[in-house]
Amino acid sequence: MTEGDRPARSTAAPTTGAGGRPDLDEIEARFTALVEGRLSRDEADRWAGRWLADDGLVWDELSYWALDLLHGIDLPAGPDGGHLHGDGQLRCWLAEFRVRRGGSDSPSGVLVRLAPLEDGDQSA
């Protein structure tokens, strides 16, 4: 493989929590990098899948929920291209993660839409 053939490296900072596995900070960082376009869907899927495949690990509910969303984030919507989960849905999931974690990325008094998007609506 030549230098030009190598895929771009992710700019999401690799960190790990206790036990050498990702903590909530790293999971959020991966979600954020994905939403900001610094991490590809394929990279996010492979990263999350690696952790979920380790049967020796026990996850808290929030970590498992977020890793499960990231694993499969590169699924195609169909043969015509596009992804099953659009960019708007990714932004909603990141906002929901932050709310569930106890923080919020929305200004006071503004509701975060947590319901699934309908009718192909990809905006958030």
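Select Thr-32 to begin, and show what surrounds it: leaving out residues up to four places away in sequence, Thr-32 touches Arg-38, Leu-94 and Arg-98, where contact means heavy atoms within 4.5 Å. The side chain of Thr-32 also makes a polar contact of 3.0 Å with the side chain of Arg-98. A polar contact is a pair of N or O atoms within 3.5 Å; within protein, one must be able to donate a hydrogen and the other to accept it, and residues adjacent in sequence count only if both atoms are side-chain atoms. Is Thr-32 buried or exposed? With a relative accessible area of 15%, Thr-32 is buried, since buried means under 20% relative accessible area, exposed over 50%, and partly exposed in between (1.4 Å probe, protein chains only).

Keep in mind while you look that this is a predicted model, in which local features need pLDDT of at least 70 and side-chain atom pairs count only at pLDDT 80 or more, while totals for chains, interfaces and linings use all residues. Residues are numbered from 1 along each chain as its sequence is written, and side-chain values use heavy atoms, with hydrogens and water left out.

**The whole chain**

Zoom out and colour by secondary structure: the chain has four helices and zero strands, following the pattern α-α-α-α along the sequence. Helices (H or I, at least four residues) and strands (E, at least two) are DSSP runs, numbered from the N terminus. Of the 124 residues in the chain, 35% are buried.

**Helix H1**

Thr-32 has its place in helix H1, so that helix is the next selection. At its N-terminal end, Asp-23 acts as a cap, with a side-chain oxygen 3.2 Å from the backbone nitrogen of Asp-25. The twelve residues of H1 should span 16 Å at 1.5 Å a residue, and the end C-alpha atoms are indeed 16 Å apart; the expected span is 1.5 Å times one less than the number of residues. Among the buried residues of H1 are Ile-27, Phe-31 and Leu-34, and what covers the buried residues of this helix includes H2, H3 and H4. After H1 comes Gly-37, whose phi is positive, near 80°.

**The loop and helix H2**

Move on to Ser-40, which lies in the loop between H1 and H2 and counts as partly exposed at 32% relative accessibility. Add Asp-74 to the selection: Ser-40 and Asp-74 are 34 residues apart in sequence, and their C-alpha atoms are 8.6 Å apart in space. Then select H2, which has twelve residues and reaches 16 Å from its first C-alpha to its last, close to the 16 Å expected. Its buried residues include Trp-47, Ala-48 and Trp-51, and their cover includes H1, H3 and H4.

**The nonpolar core**

Which residues have the most contacts inside the largest nonpolar core? They are Phe-31, Trp-47, Trp-65, Leu-67, Leu-70 and Trp-93, in a core of 21 residues. A nonpolar core is a set of buried Ala, Val, Leu, Ile, Met, Phe, Trp, Tyr and Cys residues joined through side-chain atoms within 4.5 Å. Helices H1 (24-35), H2 (41-52), H3 (61-70) and H4 (87-101) each supply at least two residues of this core, and the largest share, six residues, comes from H3. Select Leu-67 and, leaving aside neighbours within four places in sequence, you will find it in contact with Ile-27, Trp-47, Ala-48, Trp-51, Leu-52 and Trp-59.

**Rings and charges**

The structure holds one aromatic pair. Select Phe-31 and Phe-97, which form this tilted pair at 6.3 Å centre to centre, with 35° between the planes. Rings of Phe, Tyr and Trp (its six-membered ring) pair if their centres lie within 6.5 Å; planes under 30 degrees apart count as stacked, over 60 as edge-to-face and the rest as tilted. The pair links helix H1 with helix H4, 66 residues apart.

Next, select Arg-100, whose charged end sits over the ring of Trp-65, 4.1 Å from its centre. A charge sits over a ring if NZ of Lys or CZ of Arg is within 6 Å of the ring centre and within 35 degrees of the ring normal.

**Helix H4**

Finish with H4, where the buried residues include Trp-93, Leu-94, Phe-97 and Arg-98, and where the buried residues pack against H1, H2 and H3. Just after H4, Gly-102 takes a positive phi of about 110°.
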